[in-house]
Amino acid sequence: MEIQTVKDAKLIDNCNRHLNYLRISITDRCNLQCRYCVPHDLIPKLSHGEILTYEEILRVVRIATRLGISKVRVTGGEPLVRKGVYDFLKALVATEGLKDVSLTTNGVLLKDNLLKIQSAGIARINVSLDTLNRKKYREITGYDDFDRVWQGIEKAHDMGFYPIKLNIVALKGVNDDEFVEMAQLSFRYPFHVRFIEYMPIGQSDFSAGSLLLAPEIKDRIRAIGNLVPVQGVQHDGPAQRYKFEDAKGEVGFIPALSQHFCNKCNRLRLTASGHLRPCLLADHQEDLKDLLRKGCSDQELANIFFMAIRHKPSDHNLASQNPTRVCSQMRAIGG
Ligand code: SAM
């Protein structure tokens with residue numbers, strides 16, 4: 001097959017942000033129905049033909065690496081519900097130019113598939129877990145899967161996955177009574193326990209009144225020890241990283257609203273429907289799928305990346321008095 005050349009240009013936007021991180025949502029389907037993410041099953045799901053095939057995603061990734069993308073995270077919906085995902089992960093990891101491939105999952109299907117994930121070459125996983133209480137888990141997600149998820153996390157730890165990041169969306173009146181217990185996990189395990197500020201987007205059962213911002217979460221967990229900042233490394237995400245003295249793991253905060261990190265944002269998102277989205281919190285997106293299916297050249301696809309980054313806002317205003325309404329659902333974008 002003839003390899004077409006893409007001009008050796010890198011993805012640097014008008015704010016001089018170097019975009020080297022692509023988050024890929026491989027499906028909009030999920031086996032949970034979290035109240036803050038997809039509260040009602042009213043939003044129509046994409047049909048099989050509407051989502052990008054694995055071959056199409058891999059082609060997009062190959063082009064993206066030539067434009068400077070070196071880090072990829074696979075997300076969803078729930079990525080592990082899509083058929084063929086383990087072979088896809090293997091092919092993705094083997095893509096030349098990618099230095100870091102990781103996976104975000106709700107963990108429901110983790111336990112029985114860890115070997116396949118590991119064999120595909122993935123060592124870093126993020127598991128979303130908003131509570132340590134089985135009953136509350138069912139209230140938040142609609143399913144009684146807490147035990148399965150926790151067993152998956154422990155098994156992943158035993159199998160040597162590292163780091164295992166536990167993502168907790170902080171919700172006032174829902175899980176704020178558990179922050180200390182969750183932070184304490186970092187003493188028992190080398191987990192990175194990460195508190196994420198709730199982003200009021202799409203349809204959700206929660207309003208902005210459910211917001212609990214990182215400074216307040218930090219104050220609450222300081223009760224159990226001294227939080228020492230951890231130096232970030234290249235490819236680190238936007239998390240503010242800390243460690244309790246003598247802890248095995250870390251505690252982090254993703255202050256998407258209280259201290260938004262837009263000036264350092266290095267991300268683009270590929271949605272399951274084949275759209276390239278320059279910002280999670282703005283609805284603008286460019287259609288890649290249409291071009292892909294019309295038999296476009298690599299250069300034409302690369303041009304879409306450059307078009308998308310022209311629309312990457314300098315910052316979002318979700319925390320302001322008059323926030324712009326973001327209509328897209330997290331499930332469709334991938335978080
Ligand atoms: N199903 C996978 C999972 O649960 O990790 C991947 C997709 S999920 C949309 C990705 C992340 O987005 C999860 O950690 C989830 O908690 C987070 N998320 C969803 N809705 C959110 C919201 N409104 N604010 C903050 N985080 C949200």
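In this predicted model, Gln240 has Phe253 of β9 as its bridge partner. A further pair of this kind links Tyr242 with Val251, again in β9. These pairs belong to the contact between β8 (residues 240–244) and β9 (residues 250–254), two antiparallel strands joined by three bridges. The two strands form a hairpin with five residues between them, and within this hairpin Asp246 adopts a positive phi near 70 degrees.

On its other side, β9 meets β6, as the strand order places β9 between β8 and β6. Here the strands run parallel and are joined by five bridges. Val193 stands opposite Val251 of β9, the residue that is also the bridge partner of Tyr242. Five of the five residues of β9 are buried, so the strand is largely enclosed by the rest of the structure. In a regular strand, side chains alternate between the two faces of the sheet. In β9, Glu250, Gly252 and Ile254 point one way, whereas Val251 and Phe253 point the other way.

The wider setting is an open sheet of 12 strands with mixed pairing, in the order β7-β8-β9-β6-β5-β4-β3-β2-β1-β10-β11-β12. Its edge strands are β7 (227–229) and β12 (286–287), each of which pairs on one side only.

Helix α7 (residues 214–221) also packs against β9. Its buried residues are in contact with β5 (164–170), α6 (179–188), β6 (192–197), β7, β8 and β9. Buried in this helix are Ala214, Ile217, Lys218 and Ile221. They cover an arc of only 100 degrees around the axis, and therefore lie on the same side of α7.

Elsewhere along the sheet, helix α1 (residues 54–66) lies across β1 (21–25) and β10 (267–270), running at about 175 degrees to β1. Helix α2 (residues 85–93) lies across β2 (71–75) and β3 (100–105), at about 170 degrees to β2.

The 13 residues of α1 reach 19 Å from the first C-alpha to the last, close to the 18 Å expected at 1.5 Å a residue. Because 10 of these 13 residues are buried, α1 is largely enclosed by the rest of the structure. The buried residues of α1 are Tyr54, Glu56, Ile57, Leu58, Arg59, Val60, Val61, Ile63, Ala64 and Thr65. What covers them includes β1, α2, β10, α8 (289–293) and α9 (298–310). Just after α1, Gly68 takes a positive phi of about 110 degrees.

How values were computed:
Residues numbered from 1 in each chain as written. Predicted model: local features only at pLDDT ≥ 70, side-chain atom pairs only at ≥ 80, totals over all residues. Heavy atoms only, no water. Pairing = 2+ DSSP bridges. Helix = DSSP H or I, 4+ residues; strand = E, 2+ residues; numbered from the N terminus. Contact = heavy atoms within 4.5 Å. Axes fitted to C-alpha atoms, helices over the stretch in contact; angles between N-to-C directions. Expected span 1.5 Å × (residues − 1). Buried < 20%, exposed > 50% of the residue type's maximum accessible area, 1.4 Å probe, protein only. Arc of directions from axis to C-beta.
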